[in-house]
Amino acid sequence: MQIALCVPLGGTAGIWGPSAMSSAKLAVAELNREAGIGGRGCRLLTVNAADDAPDIEATLIELVQAGDIDAIIGMHTSAVRQRILRAVGGQIPFVYTPLYEGGESTPGVFAIGETTARQLGPAIRWLGARKRPRRWFAIGNDYVWPHVSHRMARGYIAEAGGELVGEMYVPFGTTDFSEALDALRRGRADAVVLSLVGQDAIEFNRAFGAAGLSRAMFRLSCAIGENELLGIGADNAEDLYVACGYFATLDTEANLAFKERYRSHFGERAPTLNTFGQSTYEGMHFLAALLERQRRPAAGHEGLGASPLRYRSARDAAYGADGITHTPIYLARAEGNAFRVITRL
């Protein structure tokens, strides 16, 4: 069985690539040591899914029409997911692994990541009750996930007793955030919802820290991982919070076992573990569990049946017949170059 592994190999989200590819390779090694997928050995074919990659659609159409791939594992932005769906949606199983805005219902597509409703809503309520921010500002990249997330955030903020006083969207690859910082000052923000990805999140937070704005407002993101935090630097990460289903520092049996397998397979110089890599690992095991269930005569619609689909995960995830992934969501605070998990939301 050959699987197209669609991950960004460059561009704004390219920082996700090394961990995602390593985590997928670990999952393949584990599956192939057992029964593979559906009794067949599995192999990966890597496809560059960067937002600025011009040939994603053509590449996947050619692979699908030639019968060269049996499934797609996608770990990339929602903008790329929409491009892939327009090209080959519904033709072969497509497991979309990272956090996203929610609402994906295309037949044959399985979005197993955290959703905005499960991340942002509880995080805003928790921080609102403890830090009492009144004025929020939202900044994100200009595509579907930030737009939907900020629309939902407006309601969550109002419920928590605050107000969203401004929004800004920037193109992928933005390096000058002076206009955004000026808008934060003019808006007298107490808190910032960050929906920037990859290198853009690094550039913004470096500028934010250098401007000394952490003395006046805190930041909340759903998509900053350990690699981004290292790029931001400890001096620029004061009062930075992240709501997510996975952190490398999670002290759970599932994560400790996952980290041990990862280090044993790749050694101490392996790419940094983060939510994006772990989700890709999960996607491989999800696909194996999904296809195994589809082989059973009693399997229900889309091969899910009535009970949750369980698969190997570093965060104890299970995928329900309702198309929702059930997994713990945590709130962490940046401390130096690592995240400290504060609470389970």
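## An arginine in a loop

Does Arg188 count as buried or exposed? With a relative accessibility of 56%, Arg188 counts as exposed, because the cut-off for that label is over 50%. Keep in mind that we are looking at a predicted model.

Arg188 sits in the loop between α6 (178-186) and β8 (191-195). Its backbone is a bit unusual to look at, too. Most residues other than glycine have a negative phi. Arg188 is not a glycine, yet it has a positive phi of about 50 degrees. Asp316 is another non-glycine residue with a positive phi, this time near 60 degrees. You can find Asp316 in the loop between β11 (309-310) and β12 (318-319).

## Two domains and where they touch

The protein chain splits into domain 1 (2-114 + 251-326) and domain 2 (116-244). To make their contact, domain 1 puts in 18 residues and domain 2 puts in 23 residues. Measure from C-alpha centre to C-alpha centre and the two domains are 28 Å apart.

How much area is buried between domain 1 and domain 2? The value is about 1800 Å², and carbon and sulfur atoms give 66% of that. On the domain 1 side, Thr12, Ile15 and Glu101 together supply 35% of the area buried against domain 2, more than any other three residues. What about charges and polar groups? There are zero salt bridges between domain 1 and domain 2, but six residue pairs are in polar contact across the interface.

Two elements, α3 (78-88) and α10 (275-294), each give two or more residues to the side of domain 1 that touches domain 2. The largest share, three residues, comes from α3. Sorted by type, the residues on this side are seven nonpolar, eight polar and three charged.

## Two buried residues in α10

Helix α10 is home to Thr280 and also to Gln278. Thr280 has 0% relative accessibility, so it counts as buried. Gln278 is buried as well, with a relative accessible area of 1%.

So who are their neighbours? Setting aside residues within four places in sequence, Thr280 is in contact with Leu5, Ala20, Ala24, Ile73, Met75 and Thr97. Thr280 also shows how folding can bring things together: Ser19 is 261 residues away in sequence, but the C-alpha atoms of the two are 8.7 Å apart in space. With the same kind of sequence neighbours left out, Gln278 touches Ser23, Tyr246, Phe258, Ser313, Ala314 and Arg315.

## Salt bridges

How many salt bridges does the structure hold? The count is 15. One of them pairs Asp70 with Arg40, with the closest N and O atoms 3.6 Å apart. Asp70 lies in the loop between α2 (56-65) and β3 (71-74), while Arg40 lies in the loop between α1 (17-33) and β2 (43-48), 30 residues apart. Asp70 is partly exposed at 27% relative accessible area, and Arg40 is partly exposed at 41%.

Another salt bridge joins Arg81 and Glu104 at 2.9 Å, N to O. Here Arg81 is in helix α3 and Glu104 is in the loop between β4 (94-96) and β5 (109-111). Both of these residues are buried. Arg315, the residue that Gln278 touches, forms a salt bridge with Glu114 at 3.4 Å. That pair is 201 residues apart in the chain, and both partners are buried. Finally, Glu30, Glu34, Arg261 and Arg312 are joined into one network by salt bridges that share partners.

Technical notes
Residues numbered from 1 in each chain as written. Predicted model: local features only at pLDDT ≥ 70, side-chain atom pairs only at ≥ 80, totals over all residues. Heavy atoms only, no water. Domains from an automatic or database assignment. Contact = heavy atoms within 4.5 Å. Buried area = accessible area lost by both parts, 1.4 Å probe. Salt bridge = Lys/Arg side-chain N within 4 Å of Asp/Glu carboxyl O. Polar contact = N/O pair within 3.5 Å; in protein donor to acceptor, adjacent residues only side chain to side chain. Helix = DSSP H or I, 4+ residues; strand = E, 2+ residues; numbered from the N terminus. Nonpolar A, V, L, I, M, F, W, Y, C, P; charged D, E, K, R; others polar. Buried < 20%, exposed > 50% of the residue type's maximum accessible area, 1.4 Å probe, protein only.
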